[in-house]
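This report introduces one protein chain to a reader who has not met it before. Please keep the sequence and the model in view while reading.

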Amino acid sequence: MSEHEAEPQGTVREYRTEELADAAGITVRTLRFYRERKLLPPPRREGRIAWYDDHHLARLRTIAALLERGHTLGGIAELTAAFENGRDVNQLGELLGLGEGGGLGWSEETPVRLTPEELADYFEGEVTPENLAASLDLGYLAVDGDEIVHVSRRLLDVSSALVREGVPLAAVLETGRRVREHAEALAGLFTELIAAHVPAEPGDTAGPVDPEALAKAVDRLRPLAKSVVEAELSMAMDRRLRGQ
């Protein structure tokens, strides 16, 4: 396929080596060097011809952007490997606790799509392979082709704010891991409370017994549970400040 041929709608454009280098604004020699360093996925082979596509072009543009931000090629290679070994975006529903595919649709969290360079800008100097692996393991990040998906806009903004205040991202992530353990326990307490005493709908006499009815009751009373936790956390921090 030449660059002048029309492409059917919905097909992925393919490039020869020279065409891809030209589209990315680099030399063929640089392209081959990146491929040798495994910064690019292997091309599709057709005889002796290597065919690249738009995913390769996006990767080259990401490499250029990360280099401009001071990352080394070695560091970019490690980040690339971590992304490629990370969780797929299809696991986001599981990460949010919504079941397969996130079908319930009740999460209050808004996922955020980011390019690798945008993620680097959020956490300048802190996007290391170790921190990236920890974020993927926690489920804060998932990978969708050439994009990254952060599971929660609120967590992304808070984490970034803490890093700007001087808290290392590794410490933020470790604290997040510990907070999640307590949050899971709190969620269990409130779910058990609601299952034992609260009907699925106002006016019902029986408590929720099936999972769908329980989920409806828990979702309806979620703001009350959050208010209790927020108030108790606020008072606990007050006690800490007073040294009690």
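In which helix is E84 found? E84 belongs to helix α4, which covers residues 73-84. The structure shown is a predicted model, and the sections below move from the whole chain to selected helices and residues.

## The chain as a whole

The secondary structure of the chain consists of ten helices and six strands. The chain has 244 residues, of which buried residues make up 31%.

Contacts within the chain also join distant parts of the sequence. Of the contacts between residues at least 6 apart in sequence, 61% join residues at least 24 apart.

## Residue E84 in helix α4

E84 is partly exposed, because its relative accessibility is 49% and the partly exposed class runs between 20% and 50%. When residues up to four places away in sequence are not counted, E84 touches P41 and R59.

A further relation links E84 with V143. These two residues are 59 residues apart in sequence, and the distance between them in space is 7.7 Å from C-alpha to C-alpha.

## Helix α1 and its surroundings

Helix α1 spans residues 17-24, and its buried residues are T17, E19, L20 and A21. These buried residues pack against two strands and two helices: β1 (14-15) and β3 (49-53), together with α2 (28-36) and α3 (54-68). After α1 comes G25, which has a positive phi near 75°.

The axes of α1 and α2 come within 9 Å, and they cross at roughly 100°. Helix α1 is therefore roughly perpendicular to α2, since angles of 65 to 115 degrees are placed in that class. On the α1 side, the residues that meet α2 are T17, E18, L20 and A21, and their partners in α2 are V28, L31 and R32. The residues of this contact of α1 with α2 divide into four nonpolar, one polar and two charged. T17, L20 and A21 thus appear both among the buried residues of α1 and among the residues of α1 that meet α2.

## The loop after α2

K38 lies in the loop between α2 and β2 (44-46). Its phi is positive, near 60°, and K38 is a residue other than glycine. K38 counts as exposed because its relative accessibility is 66%, and exposed means over 50%.

## D53 and T62

D53 is placed in strand β3. With a relative accessibility of 18%, D53 counts as buried, because buried means under 20%. A polar atom of the D53 side chain lies 2.9 Å from the backbone nitrogen of H55. D53 and R13 are 40 residues apart along the chain, while their C-alpha atoms are separated by 5.6 Å.

T62 is found in helix α3. T62 is also buried, at 12% relative accessibility. Apart from neighbours within four places in sequence, T62 is in contact with P116 and E117. With E117 there is a polar contact of 3.4 Å between the two side chains.

## S152 between β6 and α8

Is S152 buried or exposed? Its relative accessible area is 1%, so S152 is buried. S152 sits in the loop between β6 (147-150) and α8 (153-164).

The side chain of S152 reaches two backbone nitrogens: that of R154 at 3.3 Å and that of L155 at 3.1 Å. With neighbours within four places in sequence left aside, S152 is in contact with E109, T110 and P111.

## Helices α9 and α10

Helix α9 consists of residues 169-197 and helix α10 of residues 211-241; their axes come within 10 Å and cross at roughly 125°. The two helices are therefore oblique to each other, and their crossing is right-handed.

Which residues of α9 meet residues of α10? From α9 these are L186, F190, T191, I194 and A195, and they meet L214, A217, V218, L221, A225, V228 and V229 in α10. The residues of this contact divide into eleven nonpolar, one polar and no charged. By contrast, the contact of α1 with α2 includes two charged residues.

Notes
Residues numbered from 1 in each chain as written. Predicted model: local features only at pLDDT ≥ 70, side-chain atom pairs only at ≥ 80, totals over all residues. Heavy atoms only, no water. Helix = DSSP H or I, 4+ residues; strand = E, 2+ residues; numbered from the N terminus. Buried < 20%, exposed > 50% of the residue type's maximum accessible area, 1.4 Å probe, protein only. Polar contact = N/O pair within 3.5 Å; in protein donor to acceptor, adjacent residues only side chain to side chain. Contact = heavy atoms within 4.5 Å. Axes fitted to C-alpha atoms, helices over the stretch in contact; angles between N-to-C directions. Parallel < 35°, antiparallel > 145°, perpendicular 65-115°, else oblique. Left-handed = near helix turned anticlockwise from the far one by under 90°. Nonpolar A, V, L, I, M, F, W, Y, C, P; charged D, E, K, R; others polar.
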